[in-house]
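Trainee: Could you take one part of this model and go through it closely with me? I would like to know what lines it, and then which single residues elsewhere deserve a look.

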Amino acid sequence: MANDALSIEESWNDVLEALRVTVGPDSYQRWFSQTVGLRHEEGSLILGVPNPIHEFWIESNFSAQLKAALTGVYGQDFKVRYEVLKVQKPTEVIEDEEEFTPQVSNDAPIASEVVFGDGSQWKMLNPDFKMENFVVGPGCKFAQAAARAAVEKPGQAFNPLLIHGGVGLGKTHLMQAIGHSFLEHAPGSRVLYLTSEQFANEFIQGIQKGDTERLRKRLRRVDVLLIDDIQFFAGKDATQEEFFHTYNVLFDAKKQIVLTSDRPPCEIRELENRLVSRFESGLTTELIPPDGETRIAILRNKMQDMPCKLDEELLIYIARRIRSNVRRLEGALTRLVSYKSLGVDDLDESKAELLLKDIISEEEGRNLSISQIQKHVAEDFDIRLGDMSSRQRPQHIAMPRQVAMYLVRDMLKTPLKEIGRSFGGRDHGTVIHACKAIGQRLEREEDFRHRIARIRAELERLEN
Ligand code: ADP
Ligand code: MG
């Protein structure tokens with residue numbers, strides 16, 4: 001049994017000491033510094049982790065190191081069981097919520113499609129969007145790991161799983177890959193994929209035909225619900241209400257829910273608070289534009305299924321010119337491959353440049369930079385550019401700084417962490433707070449709204 005001579009704190013500290021060496025300081029800091037040895041129980045150590053992603057991550061990446069460290073300290077094989085340390089915000093009380101019971105049906109499995117009485121069909125999964133085609137790099141490895149974990153333990157730790165990030169970064173791909181993996185894991189599961197707009201349309205049609213009940217029943221018997229682009233729920237109050245109930249029914253029945261959005265839910269204006277808090281109550285993860293190596297890996301991956309191949313130099317060329325959007329990267333590749341397959345001409349860099357002219361200029365059209373926004377906002381509010389990254393907090397400086405953060409986020413869709421870095425090394429929570437504060441003020445104050453609209457218009461003119 002356990003080495004009873006050592007208290008749980010002492011032994012866990014010893015394990016941590018060993019881990020610090022074997023996993024390296026960065027991983028240690030990120031994954032182990034917040035863990036707590038809670039108690040010994042029947043030959044196991046009960047380990048407190050701040051959230052389920054820690055459990056998943058430690059298990060999938062460091063189990064060998066952990067095992068070795070435990071054996072070192074206890075002198076025998078020792079198991080670990082995880083407990084999530086609960087320091088969650090209290091969940092809000094839902095008033096007059098109707099009783100809904102999930103419809104358990106014994107009908108034939110409907111797999112990945114739902115066909116309605118009128119013959120309309122909810123989209124099926126795109127066969128290209130599978131997990132094995134999703135190239136993993138630093139910008140998306142966390143999201144991809146979370147997606148896999150959601151498939152392994154549906155409806156548990158990562159519910160809902162929310163993936164957000166800019167256009168063309170793989171949100172739909174990853175979401176549908178989750179659907180495919182479910183169908184592979186548990187054939188016959190009812191996986192339903194639809195965009196928030198499709199959800200709204202179905203609901204409105206249901207109202208028009210007076211049979212929303214049927215829609216509800218269909219929705220509520222799915223095993224996995226994938227809702228793409230929830231930002232389009234904004235401002236659609238009745239649809240939000242309907243979705244709220246569907247969401248609750250499925251969530252309570254421990255069905256896996258996956259959502260995507262082009263920004264964090266708290267930044268979606270006109271999205272009800274109770275939805276925001278639910279969407280953010282599971283695991284939220286951001287997709288970040290891929291780095292150079294990953295862009296090349298993606299190009300190689302996409303090229304596999306294409307009729308002819310480009311030289312490595314051309315792949316590097318494309319990856320160098322197109323950085324912000326994987327869909328665009330793919331578009332460039334397809335165009336060059338099509339051209340090459342005609343076999344009329346040699347394809348070199350200058351030819352490629354010509355062929356990709358519009359795509360490259362679209363990419364570079366985003367030439368508005370963070371510092372231009374900072375400079376312009378600073379001038380408008382008559383503060384110094386240096387104030388944008390200073391630690392000072394007086395309101396006449398803090399407010400314009402928040403405006404600039406808000407505009408960077410809104411216009412450039414820069415990842416939160418990067419915005420924080422550009423504003424004097426602030427953390428991403430500060431950026432979220434700034435965007436929220438400005439968003440609220442925009443709703444309340446008309447003068448402020450006009451001022452920001454004018455600044456934005458001026459910046460847009462700069463961009464061209
Ligand atoms: P989003 O929904 O974020 O706008 P998509 O999921 O539609 O983006 O992705 C756009 C295109 O880029 C798709 O063809 C997708 O396959 C591809 N793509 C994006 N990220 C990756 C990745 N990590 N690996 C492979 N393909 C990717
Ligand atoms: Mg998409």
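Mentor: What follows looks at the surroundings of ligand 1, then at some backbone angles and a few single residues.

Happy to help! This is a predicted model, in which local features need pLDDT of at least 70, side-chain atom pairs count only at pLDDT 80 or more, and totals for chains, interfaces and linings use all residues; side-chain values use heavy atoms, with hydrogens and water left out. Residues are numbered from 1 along each chain as its sequence is written, while chains are lettered from A and ligands numbered from 1 in the order in which they are written.

Let me set the scene briefly. The chain has 464 residues, and 48% of them count as buried (under 20% relative accessible area; over 50% is exposed and anything in between partly exposed, with a 1.4 Å probe and protein chains only). It contains 19 helices and 10 strands (DSSP runs numbered from the N terminus: H or I of at least four residues for helices, E of at least two for strands). Among contacts with a separation of 6 or more, 74% are between residues 24 or more positions apart (contact being heavy atoms within 4.5 Å). The accessible surface is about 23,200 Å², and carbon and sulfur atoms hold 48% of it (Shrake-Rupley method, 1.4 Å probe; for residues, only the protein chains shown count as cover).

Now to the site itself. Ligand 1 is surrounded by 17 residues, of which Gly 168, Thr 172, His 173, Arg 327 and Glu 330 are the closest (a residue belongs here if one of its heavy atoms lies within 4 Å). By kind, the shell holds seven nonpolar, six polar and four charged residues (Ala, Val, Leu, Ile, Met, Phe, Trp, Tyr, Cys and Pro are nonpolar, Asp, Glu, Lys and Arg charged, and the others, Gly among them, polar). Three helices each supply at least two shell residues: helix 5 (171–185), helix 10 (292–303) and helix 12 (326–342). In domain terms, domain 2 (131–287) and domain 3 (292–365) each give at least three residues to the shell (the bounds come from an automatic or database domain assignment).

Polar side chains also reach oxygen atoms of the ligand. An N or O atom in the side chain of His 173 is 2.6 Å from an oxygen atom of ligand 1. For Thr 172, a polar side-chain atom lies 2.8 Å from a ligand oxygen, and the side chain of Lys 302 likewise places an N or O atom 2.8 Å from an oxygen of ligand 1. Taken alone, ligand 1 would expose 550 Å², and the protein buries 93% of that.

Beyond the site, the backbone angles are worth a stop. Most residues other than glycine have a negative phi, and most peptide bonds are trans. Asn 159 and Pro 160, however, are joined by a cis peptide bond with omega about -5 degrees, and Pro 160 sits in the loop between helix 4 (141–152) and strand 6 (161–165). Glu 42, which is not a glycine, has a positive phi of about 45 degrees. Its loop runs between strand 1 (36–41) and strand 2 (44–49), and Glu 42 is exposed at 71% relative accessible area. Lys 254 also has a positive phi, near 60 degrees; this residue belongs to the loop between helix 8 (237–252) and strand 9 (256–261) and is exposed at 57%.

Helix 8 brings us to Gln 240, a buried residue with 0% relative accessibility. Setting aside residues up to four places away in sequence, Gln 240 touches Phe 233, Ala 234, Gly 235, Glu 270, Leu 271, Glu 272 and Leu 275.

Finally, helix 1 (residues 8–23) holds Ser 11, and Asp 14 lies in helix 1 too. Buried or exposed, what is Ser 11? Ser 11 is buried, with a relative accessible area of 0%. The Ser 11 side chain makes a polar contact of 3.3 Å with that of Tyr 74 (N or O atoms within 3.5 Å; within protein, one must be able to donate a hydrogen and the other to accept it, and residues adjacent in sequence count only if both atoms are side-chain atoms). Outside four places in sequence, the contacts of Ser 11 are Leu 6, His 40, Val 73 and Tyr 74. Asp 14 is partly exposed at 38% and touches Leu 6 and Val 73, again leaving out residues up to four places away.
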